[in-house]
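User: I am new to this structure and would like a close look at a single part, the sheet of chain A, together with what surrounds it. Please take me through it slowly and in connected prose.

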Amino acid sequence: MLKIEGLTAEVEGRPILKGIDLEVPAGEVHAVMGPNGSGKSTLSYVLAGREGYEITGGRVTFDGRDLLAMEPEERAAAGLFLAFQYPVELPGVGNANFLRTALNAVRRARGEPELDAMQFLKLARAKLKALHMSEEMIKRNVNVGFSGGEKKRNEVLQMALLEPKLAILDETDSGLDIDALKIVADGVNAMRGPGFSALVITHYQRLLDHIVPDRVHVLMDGRIVKSGPASLALELEAEGYAKVAA
Amino acid sequence: MNAMTTGAEAFLGRFEGLRAQLPGGRTDWVAALRADAAAQFRAQGLPGRRVEAWRYTDLSPVAALGFTEALTLAEERPALPAARAPWRAVFVDGRFAAGLSSLPPGLAARSLAADLDAARGLLGALAEPLPLVALNTMLFEDGLFLEVPAGAEGGTLELLSIASHTQEAQKGRPIAFHPRHLIRIGQGARLTLIETSLGPAAAAYLHNPVFEIAVAQGAQLTHVRLQQEGRAGFQLCTVLAAVEAGGTYDNFTLNAGGRLVRNEIHAALRGPRAACHMNGAQLVADGQHADTTTFLDHAAPDCASRQTYKTVLAGRSRGVFQGKILVRQAAQRTDGYQMNQALLLSEEAEIDAKPQLEIYADDVKCSHGATVGALDEAQLFYLRARGIPAATARAMLVEAFLSEAIEGVQDEAARAALDDAISGWWQREGA
Ligand SMILES: Nc1ncnc2c1ncn2[C@@H]1O[C@H](COP(=O)(O)OP(=O)(O)OP(=O)(O)O)[C@@H](O)[C@H]1O
Ligand SMILES: [Mg+2]
């Protein structure tokens with residue numbers, strides 16, 4: 001599904017990603033762990049196509065296509081989804097309007113019929129219910145005045161609506177209370193199947209108790225320094241990055 | 001002689017030639033009013049940039065064009081946009097077009113030229129000594145004369161101004177018209193006025209309307225102005241409004257058309273608990289200049305005023321906002337608020353903003369603020385990362401930027417007209 005080879009990238013002339021090799025096969029969930037500032041969010045932004053990151057080397061193929069040649073909206077339409085570590089507030093943009101515009105843009109690009117307001121509302125209500133979110137949330141402006149946890153849930157709601165092939169969850173667990181963590185994990189697990197892969201960026205084992213990964217990668221100073229099975233996360237938690245990576 | 005003087009002389013010359021033919025030309029009080037205005041205009045001239053109120057807006061393109069007033073109503077029937085309300089007063093090149101209009105019964109809505117005698121004592125009653133008001137008084141050919149009776153539920157009326165191709169324009173001389181609208185809302189009465197100005201895409205013309213608006217005690221006027229003049233047109237509009245105790249005047253102005261436009265509003269809150277909301281959006285594309293200048297005169301206690309203006313600038317364009325709030329000594333417990341914000345979509349665009357507070361009462365709550373910024377990269381990326389194409393994402397953020405100013409337009413027909421005007425602008429100029 002996703003294949004990253006020798007990826008290097010700079011921000012403002014400073015190398016951040018220093019040669020990333022990572023493959024996430026279809027249907028698998030991989031976790032990425034690593035110290036603050038190691039380049040996890042940078043990797044997720046580069047994969048989603050944010051401006052300001054200069055790709056200095058390497059390749060990324062997504063579903064067989066050259067991901068780095070695509071515009072951000074093309075990547076989304078092709079089935080890539082990034083749940084932001086820091087979801088962006090959009091004052092003046094209603095959440096329902098935002099969600100429907102996004103969903104219909106993606107559906108149009110995928111050759112599927114667009115949903116009218118009623119059809120959308122019906123779908124959104126079902127997804128809200130599954131995530132234990134109140135309908136109030138889609139009547140407000142996007143993320144404006146949302147608590148940290150509400151913002152993260154809103155990201156998961158977007159993921160559930162857009163039905164990506166690959167979801168990158170950048171610390172979607174941080175800021176969530178214990179119940180919310182379970183709900184979000186259930187939301188991700190509900191999507192698991194042969195057509196869904198995920199790259200789960202986290203600092204904490206407790207998320208991985210709920211979303212058990214097929215593999216765990218350790219990212220340090222812009223490189224994957226170690227990969228292993230789900231138990232690697234436990235090792236990291238017990239021993240710390242320095243020791244495990246050594 | 002410089003261009004400004006030549007331009008002013010041209011208008012004065014037209015007045016000398018036309019004075020007998022203009023409405024009321026043989027009526028003493030009208031002739032005297034026009035002569036006084038001409039004397040004032042002769043003394044003031046077209047305001048140059050050394051006049052403080054015109055520092056950011058240069059009228060020399062207007063002065064240079066040598067406009068001429070159309071003497072006859074255009075014969076052709078201009079294409080009219082779809083009706084927004086059951087009633088509509090249509091003006092073509094500043095003249096009332098009875099055949100195109102349908103006036104509401106019971107609101108005393110008629111052509112000013114046709115009933116000029118009834119305007120004695122009203123016409124000019126609210127005039128300020130402004131050069132463009134003098135120009136209008138000197139040369140006005142017609143206007144809407146509306147007297148909503150006390151207690152009337154006036155509903156919604158459309159006022160449509162269309163610049164047409166006149167004979168003069170075909171001879172290559174651009175036309176000017178100076179409609180004078182008298183609008184009086186009686187005690188406790190209410191009215192919504194949706195005003196749209198349109199013109200041909202490529203012809204130069206000058207539309208110089210003056211509104212004299214009197215809102216009586218407890219009355220309410222909602223005035224929605226959709227300025228969509230042709231791209232080579234000029235509109236210099238002056239609104240003079242006076243609001244009595246407990247009355248409300250709401251003005252929303254969209255500046256979306258024209259080559260150079262000015263939306264100047266003078267509102268006086270004259271009785272206790274009067275209110276005024278002035279909001280607006282300026283959408284300024286490459287080659288355009290849009291100016292909003294407001295003057296809010298708090299002259300009585302316990303009045304409230306709210307102003308929110310948003311300017312979006314694309315290409316090489318210029319926007320201006322000047323807003324002055326005067327709180328007189330008598331105006332205790334004034335609650336005044338003013339915000340103007342600009343969104344620059346291009347590096348070649350420029351905004352000049354000048355807010356001004358002048359306060360003589362001691363117990364007042366008055367604030368103002370201003371911001372200038374570009375589209376937020378993080379917001380744009382967030383939308384695109386959700387599959388929304390870049391052009392749509394930009395349109396959504398521009399709409400979001402405008403929303404605060406637009407939310408105040410609650411009349412459904414007015415809101416629909418406004419939304420259409422904005423999305424039309426975006427399709428033409430923005431995407
Ligand atoms: N726009 C930027 N300008 C300057 N430096 C940046 C920028 N974006 C990222 N960096 C730097 O790149 C490095 C990697 O940052 P990144 O956000 O990818 O780390 P992270 O692994 O996600 O950390 P955390 O666990 O704290 O979220 C940091 O040193 C950061 O300061
Ligand atoms: Mg991060």
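Analyst:

**The sheet of chain A and its surroundings**

Helix 1 of chain A lies across strand 3 (29-33), strand 6, strand 9, strand 10 and strand 11 (215-220) of chain A, and its direction is at about 145 degrees to strand 6 of chain A. Everything described here comes from a predicted model. The strands that helix 1 of chain A crosses belong to an open sheet of six strands in chain A, whose order is 6-9-10-3-11-12 and whose pairing is mixed. Strand 6 and strand 12 (223-228) of chain A are at the edges, and because each has a single partner strand, one side of each is left without a neighbour in the sheet. From one strand to the next, the twist averages 20 degrees.

Going through the sheet pair by pair, strand 9 (residues 166-170) and strand 10 (residues 197-201) of chain A run in the parallel sense and are joined over five bridges. Within this pairing, L169(A) has V200(A), in strand 10 of chain A, as its bridge partner. Strand 3 and strand 11 of chain A also pair in the parallel sense, here over four bridges, and the bridge partner of M33(A) in strand 11 of chain A is V218(A). V218(A) in turn stands opposite K226(A), which is in strand 12 of chain A, so that this residue can be followed into the next pairing. That next pairing, between strand 11 and strand 12 of chain A, is antiparallel and extends over five bridges. These two strands of chain A form a hairpin with two residues between them, and D221(A), in the turn, has a positive phi of about 45 degrees. Helix 8 (residues 231-239) of chain A lies across strand 3, strand 11 and strand 12 of chain A, running at about 40 degrees to strand 11 of chain A.

The surroundings also include chain B: 31 residues of chain A are in contact with 18 residues of chain B. The two chains bury about 1,900 Å² between them, and 66% of this area is on carbon and sulfur atoms. Across the interface there are four salt bridges by the rule applied, and R384(B) forms a salt bridge with E51(A), with the closest N and O atoms 4.0 Å apart. Between chain A and chain B, 10 residue pairs are in polar contact, with both residues at pLDDT 80 or more. The elements of chain A that give two or more residues to the side touching chain B are helix 1 (40-48), helix 2 (72-78), strand 6 (80-83), strand 7 (90-94), helix 3 (95-109) and helix 5 (148-162). Helix 3 of chain A gives the most to that side, with six residues. Sorted by class, the side of chain A that touches chain B holds 19 nonpolar, six polar and six charged residues. Strand 6 of chain A therefore appears twice in this account, as an edge strand of the sheet with a single partner strand and as one of the elements giving two or more residues to the side that touches chain B.

Chain B has an open sheet as well, made of 10 strands in the order 3-2-6-9-12-14-16-18-20-22, with mixed pairing. Its edge strands are strand 3 (95-96) and strand 22 (364-374) of chain B, each of which pairs on one side only. Inside that order, strand 12 (residues 220-228) and strand 14 (residues 248-255) of chain B pair in the parallel sense over eight bridges, and Q227(B) stands opposite N255(B) in strand 14 of chain B. Helix 7 (residues 390-406) of chain B packs on this sheet and touches strand 14, strand 16 (275-284), strand 18 (304-313) and strand 20 (334-344) of chain B, with its direction at about 160 degrees to that of strand 18 of chain B.

Technical notes. Residues are numbered from 1 along each chain as its sequence is written. Chains are lettered from A and ligands numbered from 1 in the order in which they are written. This is a predicted model: local features need pLDDT of at least 70, side-chain atom pairs count only at pLDDT 80 or more; totals for chains, interfaces and linings use all residues. Side-chain values use heavy atoms; hydrogens and water are left out. Contact means heavy atoms within 4.5 Å. Buried area is the accessible area (1.4 Å probe) that two parts lose on being put together, summed over both. A salt bridge is a side-chain nitrogen of Lys or Arg within 4 Å of a carboxyl oxygen of Asp or Glu. A polar contact is a pair of N or O atoms within 3.5 Å; within protein, one must be able to donate a hydrogen and the other to accept it, and residues adjacent in sequence count only if both atoms are side-chain atoms. Ala, Val, Leu, Ile, Met, Phe, Trp, Tyr, Cys and Pro count as nonpolar, Asp, Glu, Lys and Arg as charged, and the others, Gly among them, as polar. Two strands pair if DSSP finds at least two bridges between them. Axes are lines fitted to C-alpha atoms, for helices over the stretch in contact, and angles run from 0 to 180 degrees between N-to-C directions.
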